[in-house]
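Got the model open in your viewer? Let's take a walk through it, one selection at a time.

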Amino acid sequence: MKLTVRRGGGIAGITARTELDADALPPAAAEAFAGEISHAGMRELNDPPTRQRPDSQLYEISLEEAGQPFSVHYTDESLPEDVRRLLAWVDGRPERVESIER
């Protein structure tokens, strides 16, 4: 299972990419990662409209699980609290890989 988060927009217009692969995690953390993804319920949520304020952050969240890719899009305003919590969990993992896209 691999989660990729692209964050872009905002005032600076920079796109940051964060990836976390369950294979890079210790077993207990990989289990917690799966639980966080399940709790976020992204597959059950409709892809909300991306109407936003001019300085709003945009999120593209992609999940590859058992060879099945899945993506959702959010703005700061539409990002569900459970998904926000998942992103905070991912951001707190030292195994994550971060980059800036141009």
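**First stop: Glu-19**

Start by selecting Glu-19, which is buried, with a relative accessible area of 19%. Keep in mind as you look around that this is a predicted model.

Now add Lys-2 to your selection. The side chains of Glu-19 and Lys-2 meet in a salt bridge, 3.6 Å from N to O. This pair ties distant parts of the chain together: Glu-19 sits in strand S2 (residues 15-21), Lys-2 sits in strand S1, and 17 residues separate them. Is Lys-2 buried, partly exposed or exposed? Lys-2 is partly exposed, at 31% relative accessible area.

Keep Glu-19 on screen and bring in Arg-17. Here is another salt bridge, this time between the side chains of Glu-19 and Arg-17, at 2.8 Å from N to O. Arg-17 is partly exposed, with a relative accessible area of 27%.

**Widen the selection: a network**

Which residues join up in a network of salt bridges? Select Lys-2, Arg-6, Arg-17, Glu-19, Glu-60 and Glu-101, and you have the linked set. A bit of background helps here: side chains of opposite charge can pair when their charged atoms come close.

How many salt bridges does the structure hold? There are ten. For one more, go to Glu-98 and Arg-96, whose closest N and O atoms are 2.9 Å apart. Arg-96 counts as partly exposed, at 27% relative accessibility.

While you have the charges in mind, try colouring them. The chain carries 12 positive and 19 negative charges, and the mean positions of the two sets are 5 Å apart.

**Along strand S1: Thr-4 and Arg-7**

Next, click on Thr-4, which you'll find in strand S1 (residues 2-9). Thr-4 is buried, with a relative accessible area of 11%. Show its surroundings, leaving out residues up to four places away in sequence, and you'll see Thr-4 touching Arg-17, Thr-18, Glu-19, Glu-60, Ile-61 and Ser-62. Three of those names may ring a bell: Arg-17, Glu-19 and Glu-60 are also members of the salt-bridge network.

Stay in strand S1 and move on to Arg-7. Arg-7 is buried too, with a relative accessible area of 14%. Which residues does Arg-7 contact, once neighbours within four places in sequence are set aside? Among them are Ile-14, Thr-15, Ala-16 and Thr-18, along with Gln-57, Leu-58, Tyr-59, Leu-87 and Asp-91. If you'd like to try the distance tool, draw a line from Arg-7 to Pro-69: they are 62 residues apart in sequence and 18 Å apart in space, C-alpha to C-alpha.

**Across to strand S2: Ala-16**

Ala-16 was one of the contacts of Arg-7, so select it now; Ala-16 lies in strand S2. At 25% relative accessibility, Ala-16 counts as partly exposed. Check the distance to Arg-6: ten residues along the sequence, but 5.7 Å in space from C-alpha to C-alpha. With residues up to four places away in sequence left out, Ala-16 touches Val-5, Arg-6, Arg-7, Ser-99 and Ile-100.

**A loop stop: Ala-66**

Where is Ala-66? Look in the loop between strand S3 (57-65) and strand S4 (68-75). Ala-66 is exposed, with a relative accessible area of 76%. There's a backbone detail to check here as well: phi of Ala-66 is near 55°, a positive value in a residue other than glycine.

**Zoom out: the whole chain**

Clear your selection and switch to a cartoon view. The chain has two helices and five strands, and reading along the sequence gives the pattern β-β-α-β-β-α-β. The radius of gyration is 13 Å, close to the 13 Å that the globule rule gives for 102 residues, so the chain is as compact as a globular protein of that length. Spin the C-alpha trace around and you'll find it spans about 40 × 30 × 25 Å along its principal axes.

Now turn on the surface. The accessible surface of the chain comes to about 6,100 Å², with 50% of it belonging to carbon and sulfur atoms. Of the 102 residues, 34% count as buried. Finally, show the contacts: among those with a separation of 6 or more, 62% are between residues 24 or more positions apart.

Technical notes. Residues are numbered from 1 along each chain as its sequence is written. This is a predicted model: local features need pLDDT of at least 70, side-chain atom pairs count only at pLDDT 80 or more; totals for chains, interfaces and linings use all residues. Side-chain values use heavy atoms; hydrogens and water are left out. Helices (H or I, at least four residues) and strands (E, at least two) are DSSP runs, numbered from the N terminus. The radius of gyration is taken over C-alpha atoms; the globule rule is 2.2 Å times the number of residues to the power 0.38. Buried means under 20% relative accessible area, exposed over 50%, partly exposed in between (1.4 Å probe, protein chains only). Contact means heavy atoms within 4.5 Å. Accessible areas come from the Shrake-Rupley method with a 1.4 Å probe; for residues, only the protein chains shown count as cover. Lys and Arg count as positive and Asp and Glu as negative; His and the chain ends are not counted. The place of a charge is taken as NZ of Lys, CZ of Arg, CG of Asp or CD of Glu. A salt bridge is a side-chain nitrogen of Lys or Arg within 4 Å of a carboxyl oxygen of Asp or Glu.
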